[in-house]
Amino acid sequence: MAICSISVVPIGTGSTSVSSYVAMCHDILKDAKGVKYRLTPMATIIEGDLERLLELAGELHRVPFAKGAHRVLTTIILDDRTDKALTMEGKIESVERKLE
C-alpha cells in the first residue's frame, strides 16, 4: 500500500474558489475501486496500490480541464514503504501515541 497526498489547482478560471473542482474529483474517488480516500482542508489523501494511485492522479489532474480550465497545477506527495504495512490510520495513530 502507498499513500498519496494530492492537490489539484485550476489556474486562470476567474475565481479564487476551488471547492467545485474538489467535489468533482471526489466524485471520481467515490467510484474508484481499491482505494481509500480522505478529504483534508489542503489536499486529499488517497491510500492504495501505487500504480492505481498514479492512474487516479492523472484522472484527477484532468478534472479542471473538463470544466474549462486552461491550466492546472497538481502537487503529488507519495509515501510508499516496503518494510511494513502503511495506512492513513496507522500514520495518525503513530503520531498520536507519541503525543501521549
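Where is the place of Thr 75? Good morning, everyone, and let me start right there. Thr 75 sits in strand S4, which covers residues 71-80. Before I go on, please keep in mind that this is a predicted model.

So, let's stay with Thr 75 for a moment. Is Thr 75 buried or exposed? Neither, as it turns out: Thr 75 is partly exposed, because its relative accessible area is 41%, and the buried class ends under 20% while the exposed class begins over 50%. Leaving aside residues up to four places away in sequence, Thr 75 touches Ser 5, Ile 6 and Ser 7. Ser 7 is a nice partner to point at: 68 residues separate Thr 75 from Ser 7 in sequence, yet their C-alpha atoms are 5.2 Å apart in space.

Now the overall picture. The chain has three helices and four strands, and reading along the sequence gives β-α-β-β-α-β-α. The C-alpha trace spans about 45 × 30 × 20 Å along its principal axes. Of the 100 residues in the chain, 30% are buried. As for contacts between residues at least 6 apart in sequence, 69% of them join residues at least 24 apart.

Next, the pair of helices H1 and H2. H1 runs over residues 19-31, and H2 over residues 50-66. How do they meet? Their axes come within 9 Å of each other and cross at roughly 145 degrees, and the crossing is right-handed. On the H1 side you'll find Tyr 21, Met 24, Cys 25, Ile 28 and Leu 29, and they meet Leu 56, Glu 59, Leu 60, Val 63 and Pro 64 of H2. Sorted by class, that contact has nine nonpolar residues, no polar ones and one charged residue.

While we're in H1, have a look at His 26, which belongs to that helix. His 26 counts as buried, because its relative accessibility is 14% and the cut-off for buried is under 20%. Its contacts, again without residues up to four places away in sequence, are Tyr 37, Leu 39 and Thr 44.

On to the pockets. What is the volume of the largest pocket? About 260 Å³. Of its 16 lining residues, Ser 7, Val 8, Val 22, Met 42 and Ala 43 are the closest to the centre. You'll recognise Ser 7 there as one of the residues that Thr 75 touches. Strand S1, residues 2-11, and helix H1 each supply at least two residues of the lining. Which classes make up the lining of the largest pocket? Twelve of the residues are nonpolar, four are polar and none is charged.

One last stop: Asp 49, in the loop between strand S3, residues 44-48, and helix H2. Like Thr 75, which is partly exposed, Asp 49 falls in the partly exposed class, because its relative accessible area is 47%. If you take Asp 49 together with Thr 16, they lie 33 residues apart along the chain, and their C-alpha atoms are separated by 33 Å.

To wrap up, here are the places to find on your screens: Thr 75 in strand S4, His 26 in helix H1, and Asp 49 in the loop between S3 and H2. Thanks for listening, and I'm happy to take questions!

Key. Residues numbered from 1 in each chain as written. Predicted model: local features only at pLDDT ≥ 70, side-chain atom pairs only at ≥ 80, totals over all residues. Heavy atoms only, no water. 1 Å grid on protein atoms, 1.4 Å probe; cavity = no way out; pocket = protein on both sides within 12 Å on 5 of 7 lines; lining within 4 Å. Points joined across faces, edges and corners; volume = space filled by probe spheres on them. Nonpolar A, V, L, I, M, F, W, Y, C, P; charged D, E, K, R; others polar. Axes fitted to C-alpha atoms, helices over the stretch in contact; angles between N-to-C directions. Left-handed = near helix turned anticlockwise from the far one by under 90°. Contact = heavy atoms within 4.5 Å. Buried < 20%, exposed > 50% of the residue type's maximum accessible area, 1.4 Å probe, protein only.
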